[in-house]
Amino acid sequence: MAVEAAHWRFTVDDYHKMAEAGILGEDDPVELIDGEVVQMSPIGSRHVASLGLANATVHAQIPRGTVFIISQSPIRLDENSEPEPDLTVLRSRADHYVVALPTPEDVLLIIEVADS
C-alpha cells in the first residue's frame with residue numbers, strides 16, 4: 001500500500017518567519033513557489049556565464065535611469081509565491097524598492113536561466 005507524503009503550503013509571511021527563526025538560512029538555495037518551499041539547482045559556470053551575458057545585453061539596450069534592474073532577487077507575486085528570477089527589469093521607482101519588494105505590476109521583463 002502506497003503512502004502519500006504530506007505537503008505543507010506556506011504563505012510568503014510564513015516563509016519569512018522561517019528565515020527569521022533560522023529554519024531557512026540566507027544562503028539556502030530555496031524559493032517559495034505556489035506555497036511550496038522549492039530547492040533550486042546549484043548555479044554552475046554555464047549559468048553564471050549566461051546570466052552575465054543576459055545582464056550585459058539588457059544593460060546595453062536600455063537607457064540608464066529609465067528602469068531598475070535586479071539579479072536573483074525576490075518578486076512577491078502573491079500570498080504564496082516569492083520567486084527569485086535570475087534577471088528582472090522593473091519600472092523605475094523613487095524608493096528603488098527599499099520600502100517593499102516588487103510585485104507583478106512593477107515587472108517589465110523576467111529572464112530565468114536554465115541548464116536544461
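Tutor: A salt bridge is a side-chain nitrogen of Lys or Arg within 4 Å of a carboxyl oxygen of Asp or Glu. The model discussed here is predicted.

Student: How many salt bridges does the structure hold?

Tutor: The criterion for each is a nitrogen-to-oxygen distance within 4 Å. By that criterion, the number of salt bridges in the structure is five.

Student: Which residues are linked with Arg76 in a network of salt bridges?

Tutor: The side chain of arginine 76 meets that of aspartate 13 at 3.8 Å, N to O. Arginine 76 also meets glutamate 79, at 3.2 Å. Both distances satisfy the 4 Å limit. The residues linked with Arg76 in the network are therefore Asp13 and Glu79.

Student: How many residues apart in sequence are the parts that aspartate 13 and arginine 76 tie together?

Tutor: The two side chains meet in a salt bridge. Aspartate 13 belongs to helix α1, whereas arginine 76 is in the loop between β3 (67-71) and β4 (87-91), so the parts tied together are apart in sequence by 63 residues.

Student: Are aspartate 13, arginine 76 and glutamate 79 buried, exposed or partly exposed?

Tutor: The partly exposed class lies between 20% and 50% relative accessible area. Aspartate 13 has 38% relative accessibility, arginine 76 has 25% and glutamate 79 has 46%. Each of these three residues therefore counts as partly exposed.

Student: Which residue forms a salt bridge with aspartate 34, and why does the pair tie together separate parts of the chain?

Tutor: Aspartate 34 lies in the loop between β1 (30-33) and β2 (36-39), and its partner lies in the segment before α1 (12-20), so the pair ties together parts that are 25 residues apart in sequence. The closest N and O atoms of the pair are 3.6 Å apart. The partner is arginine 9.

Student: What is the phi of aspartate 34?

Tutor: Most residues other than glycine have a negative phi. Aspartate 34, which is partly exposed at 46% relative accessibility, has a positive value. Its phi is near 50°.

Student: Where is glutamine 72 found, and what is its phi?

Tutor: Glutamine 72 lies in the loop between β3 and β4. Its relative accessible area of 32% makes it partly exposed. Its phi is likewise positive in a residue other than glycine, with a value near 45°.

Student: In what order do the three strands of the open sheet stand, and which stand at the edges?

Tutor: The order is β3-β4-β5, with antiparallel pairing. A strand at the edge has a single partner, so one of its sides is left without a neighbour in the sheet. The edge strands are β3 and β5.

Student: At what angle does helix α2 run to β4?

Tutor: Helix α2 comprises residues 45-61 and lies across β3, β4 and β5. Its angle to β4 is about 25°.

Student: Which residue in β4 is the bridge partner of phenylalanine 68?

Tutor: β3 and β4 pair in the antiparallel sense over five bridges. Phenylalanine 68 lies in strand β3. Its bridge partner in β4 is leucine 90.

Student: A search of the whole structure finds one aromatic pair; is it stacked, edge-to-face or tilted?

Tutor: The pair consists of phenylalanine 68 and tyrosine 97, with 5.7 Å centre to centre. Phenylalanine 68 is partly exposed at 24%, whereas tyrosine 97 is buried at 10%. The planes are 35° apart, and the stacked class requires under 30 degrees while edge-to-face requires over 60. The pair is therefore tilted.

Methods:
Residues numbered from 1 in each chain as written. Predicted model: local features only at pLDDT ≥ 70, side-chain atom pairs only at ≥ 80, totals over all residues. Heavy atoms only, no water. Helix = DSSP H or I, 4+ residues; strand = E, 2+ residues; numbered from the N terminus. Buried < 20%, exposed > 50% of the residue type's maximum accessible area, 1.4 Å probe, protein only. Phe/Tyr/Trp six-rings, centres within 6.5 Å; stacked < 30°, edge-to-face > 60°. Pairing = 2+ DSSP bridges. Contact = heavy atoms within 4.5 Å. Axes fitted to C-alpha atoms, helices over the stretch in contact; angles between N-to-C directions.
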